[in-house]
Structures are given as structure tokens and as C-alpha cells.
Amino acid sequence: MSLGDDTPDKLAYDLAQTNFDAVERDGYRAEWSDDDSAVEVFEVGTDERVAYNAEDLLRAESDVEVRNARDATF
């Protein structure tokens, strides 16, 4: 079961639960940052990214905790 309120949240959470480098779904892509400290999610074809703290994602047990793992939009 995916946690998160919206597609970026769910995709970030799903990636954190796998051994994959990146995943794509519904026009969004999630990938690990270069140092694996964050999961970055963006809509394919745009430059705006949302970063999620990787440790917080791994510990998340609710939609709220996934949303709270969001670091920043850059």
C-alpha cells in the first residue's frame, strides 16, 4: 500500500521502499539524489522538483509523515 496524499508523495514513498534508482508513474518521476539523502520527484517535462528527506520517508507510517518528509521545492 502506498502512503501519501498525492502522486508525488506516493511515488516518493514507493521509491524509498524499493532498491530501484528511479520510478515513473502517471507523468511523474522519482529518483534518488546523488548522495542518497533525498528522493526528488518531478513532473516529466518540467524543472520544478520536490525533495523528500530519505530517512523520514523510510520511517513514514502514515500519509502525514510522508507529507512531512518534504524538504523543499527547488
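## A small tour of a predicted fold

The accessible surface of the protein chain comes to about 4600 Å², and carbon and sulfur atoms account for 41% of that area. Please keep in mind as you read that this is a predicted model.

**Overall picture**

The protein chain holds 3 helices and 5 strands, and along the sequence these follow the pattern α-β-β-β-β-α-α-β. The C-alpha trace spans about 30 × 25 × 25 Å along its principal axes. A compact globule of 74 residues would have a radius of gyration near 11 Å, and because the protein chain has 11 Å, the two agree. Of the 74 residues, 38% count as buried. If we take the contacts with a separation of 6 or more, 25% of them come from residues 24 or more positions apart. On the electrostatic side, the protein chain carries 7 positive and 21 negative charges, and the mean positions of these two groups are 4 Å apart.

**Strands β1 to β4**

Let us walk through the pairings in order. Strand β1 covers residues 22-25 and strand β2 covers residues 28-32; the two run antiparallel and are joined by 4 bridges. Within this pair, valine 23 of β1 faces alanine 30 of β2, while glutamate 24 stands opposite arginine 29 in β2.

Strand β2 then pairs with β3, again in the antiparallel sense, over 5 bridges. Here alanine 30 stands opposite valine 41 in β3, and glutamate 31 has glutamate 40 of β3 as its bridge partner. Alanine 30 therefore appears in two pairings, with "opposite" resting on bridges between paired strands. Strand β3 is itself mostly covered, with 5 of its 6 residues buried.

From β3 the pattern continues to strand β4 (residues 49-53), which runs antiparallel to β3 and is joined to it by 5 bridges. Valine 41 turns up again at this step: its bridge partner in β4 is valine 50.

**Turns with positive phi**

Each of the hairpins described here has a residue with a positive phi, and they are easy to set side by side.

| Hairpin | Residues between the strands | Residue with positive phi | Phi |
|---|---|---|---|
| β1 and β2 | 2 residues | aspartate 26 | near 50° |
| β2 and β3 | 5 residues | aspartate 36 | about 60° |
| β3 and β4 | 5 residues | glycine 45 | near 95° |

Why might the two aspartates catch your eye? Most residues other than glycine have a negative phi. Aspartate 26 has a positive phi near 50° and is a residue other than glycine. Aspartate 36 likewise is not a glycine, yet its phi is positive at about 60°.

Their places in the chain can be read off directly. Aspartate 26 lies in the loop between β1 and β2, whereas aspartate 36 lies in the loop between β2 and β3, the latter strand covering 38-43. Is aspartate 26 buried or exposed? With 63% relative accessibility, aspartate 26 counts as exposed, because the cut-off for that class is over 50%.

**Helix α1 against the strands**

Helix α1 covers residues 7-16, and leucine 11 is found in it. Leucine 11 has 0% relative accessibility, so it counts as buried. Which residues does leucine 11 touch, not counting those up to four places away in sequence? They are Val23, Glu24, Arg25, Tyr28, Arg29 and Ala30. Among these, Val23 and Ala30 are the residues that stand opposite each other across β1 and β2. Leucine 11 and tyrosine 28 are 17 residues apart in sequence, and their C-alpha atoms are 7.9 Å apart in space.

Proline 8 is also placed in helix α1. Its relative accessibility is 14%, which means that proline 8 counts as buried, the limit being under 20%. Leaving aside neighbours within four places in sequence, proline 8 is in contact with Tyr28, Val41 and Tyr52. One of these, valine 41, is the β3 residue that stands opposite alanine 30. The C-alpha atoms of proline 8 and arginine 25 are separated by 9.3 Å, with the two residues 17 residues apart along the chain.

Tyrosine 28 is thus a contact of leucine 11 and also of proline 8.

Conventions:
Residues are numbered from 1 along each chain as its sequence is written. This is a predicted model: local features need pLDDT of at least 70, side-chain atom pairs count only at pLDDT 80 or more; totals for chains, interfaces and linings use all residues. Side-chain values use heavy atoms; hydrogens and water are left out. The radius of gyration is taken over C-alpha atoms; the globule rule is 2.2 Å times the number of residues to the power 0.38. Buried means under 20% relative accessible area, exposed over 50%, partly exposed in between (1.4 Å probe, protein chains only). Contact means heavy atoms within 4.5 Å. Accessible areas come from the Shrake-Rupley method with a 1.4 Å probe; for residues, only the protein chains shown count as cover. Lys and Arg count as positive and Asp and Glu as negative; His and the chain ends are not counted. The place of a charge is taken as NZ of Lys, CZ of Arg, CG of Asp or CD of Glu.
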